[in-house]
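Colleague: I'm new to reading models like this one, and I keep getting lost. Could you pick one spot, look at it closely with me, and then show me what else is around?

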Amino acid sequence: MNDYYAVLGVSRDASQEEIKKAYRRLARKLHPDVNSGADAEEEFKRVSQAYDVLSDPQKRQSFDMGADPFATGGGAGFGAGQGFSFSDVMDAFFGAGAQAGTRGPRSRVQRGQDALVRLDIDLSKAVFGSEEELTLDTAVGCIRCEGDGAEPGTGRQTCPICKGAGEVQQIQRSFLGQVMTSRPCVNCQGFGSTLTDPCHDCSGDGRVRTRRSLKLKVPAGVDTGTRIQLTGEGEVGPGNGPKADLYVEIRVVNHETYTRRGDDLHCSVELPMAAAALGTSFKLSTFDGMQDLEIKAGTQSGDVLTLRGLGVTHLRHGGRGDLLVHATVQTPTRLTEEQQELLRQFAALRGEERPEGRLQPANKGLFGKLRDAFKEK
């Protein structure tokens, strides 16, 4: 059985970091690109096999117990507790080509990852919609290598370990017998080829990060949590792969005067006691400009005045919600003697010098309110 610790020149209690450093040092020394010696390629294969075993905790534990994942016979096999994948069993019974559809080198060109950004907007922009400018830090295709990943004038060479297959086959012994498995090649990361000289700008990734701006049309009616999908506006994938999608999540900032409930807007106005009793009118500032608001005589605290069609635009169909104005009647707290005397006279005229409080029903329905209104008349 191979002594993989000796191959990498590390102790049996070496850490994963020590194993990785040893492998990198030997790989740089023995790689066929830099070492043309007759035995360099075979030595490099041995080093890669040793790293493949010792860098995998499960394989390393099995090796320490006497099982060699690369053994073709003889040595100790894996015990009954050794796990295996479904593809390993398929290979054992039907051969390595049983799942040929999923085998072979993987492509360097991949789709980018979707991104999510958040955008704060004012309530007025949620009512009518707006156009916003977004500034993003994202990945774009590398101009120097045109997404190829190789420095211009250079190219790729077939991986000497996997011979371009992108994977290496291993024979393991289990209670089922010898099981042949395939694993991505650690030398080329499964691509089947290596870059002789990676691009100096993108380091072989085929893309670079940059800052760019784009225009976003925010539709009327959006609310906090609304997500807008911008197809193909996300980052470019590795190898200058297809662009991903960009999602913009909206957050509507609280307004100092108006609050939103669904597509309706709500606000409160304070009325002096005399104005509420006698009725009045005034100008109300809304998102649609100044509006005339008529206060009927006898308006009570809690009464709601509705201005139709001055709310938020419906997101998915036409029309708008309403603007609901909640009245709050102010009772004066500081009165002059003359004002107090006038109020006493007013109370005497209405027979309210010592009024009795009346309990109101906790939940008075519509018909109850109508009945009380007819009684008062």
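Modeller: We'll start with a small group of aromatic rings and then move on through strands, loops and cysteines.

Before that, a bit of housekeeping: this is a predicted model, where local features need pLDDT of at least 70, side-chain atom pairs count only at pLDDT 80 or more, and totals for chains, interfaces and linings use all residues. Residues are numbered from 1 along each chain as its sequence is written, and side-chain values use heavy atoms, with hydrogens and water left out.

The protein has 9 helices and 15 strands; helices (H or I, at least four residues) and strands (E, at least two) are DSSP runs, numbered from the N terminus. Of its 377 residues, 34% count as buried, and that word means under 20% relative accessible area, with exposed being over 50% and partly exposed in between (1.4 Å probe, protein chains only).

Now for the rings. A pair of aromatic rings is described by the distance of the centres and the angle of the planes. Rings of Phe, Tyr and Trp (its six-membered ring) pair if their centres lie within 6.5 Å; planes under 30 degrees apart count as stacked, over 60 as edge-to-face and the rest as tilted. That rule gives 4 aromatic pairs. One of them joins tyrosine 4 and phenylalanine 63, with 4.9 Å from centre to centre and 45° between the planes, which makes it tilted. This pair ties together distant parts of the chain: tyrosine 4 belongs to helix 1 (residues 4-8) and phenylalanine 63 to helix 4 (residues 57-64), 59 residues apart. Tyrosine 4 is buried at a relative accessible area of 1%, and phenylalanine 63 is buried too, at 3%. Phenylalanine 63 also pairs with tyrosine 5: the centres are 6.0 Å apart and the planes stand at 45°, so that pair is tilted. Here the two residues are 58 apart, with tyrosine 5 in helix 1 and phenylalanine 63 in helix 4. Tyrosine 5 has 2% relative accessibility, so it counts as buried. Put together, Tyr4, Tyr5 and Phe63 form one aromatic cluster.

Long-range links show up across the protein as well. Taking contact as heavy atoms within 4.5 Å, residues 24 or more positions apart account for 65% of the contacts with a separation of 6 or more.

On to the strands. Strands of a sheet pair through backbone hydrogen bonds, either parallel or antiparallel, and two strands are counted as paired if DSSP finds at least two bridges between them. One open sheet has 3 strands in the order 1-9-8, with mixed pairing. Strand 1 (115-121) and strand 8 (227-230) stand at its edges with a single partner strand each, so one side of each has no neighbour in the sheet. Strand 1 runs parallel to strand 9 (residues 246-252), and 7 bridges join them. Aspartate 120 has arginine 251, in strand 9, as its bridge partner.

Elsewhere, strand 10 (residues 259-261) and strand 11 (residues 264-272) pair in the antiparallel sense over 3 bridges, with threonine 259 opposite histidine 266. Their hairpin has 2 residues between the strands, and glycine 262 there takes a positive phi near 70°. Strand 11 also pairs with strand 15 (residues 323-330), this time parallel and over 8 bridges, and serine 268 stands opposite histidine 326.

Now a couple of loops. Most residues other than glycine have a negative phi, and most peptide bonds are trans. Glutamine 189 has a positive phi near 55°; this residue sits in the loop between strand 5 (177-184) and strand 6 (193-195) and is partly exposed at 46% relative accessibility. Serine 203 has a positive phi of about 60°, lies in the loop between strand 6 and strand 7 (207-218), and is exposed at 62%.

Last stop, the cysteines. A disulfide is a pair of cysteine sulfur atoms within 2.5 Å, and the count by that rule is 0. For cysteine 162, the nearest cysteine sulfur is that of cysteine 188, 3.6 Å away. Cysteine 162 is buried, at 7% relative accessible area.
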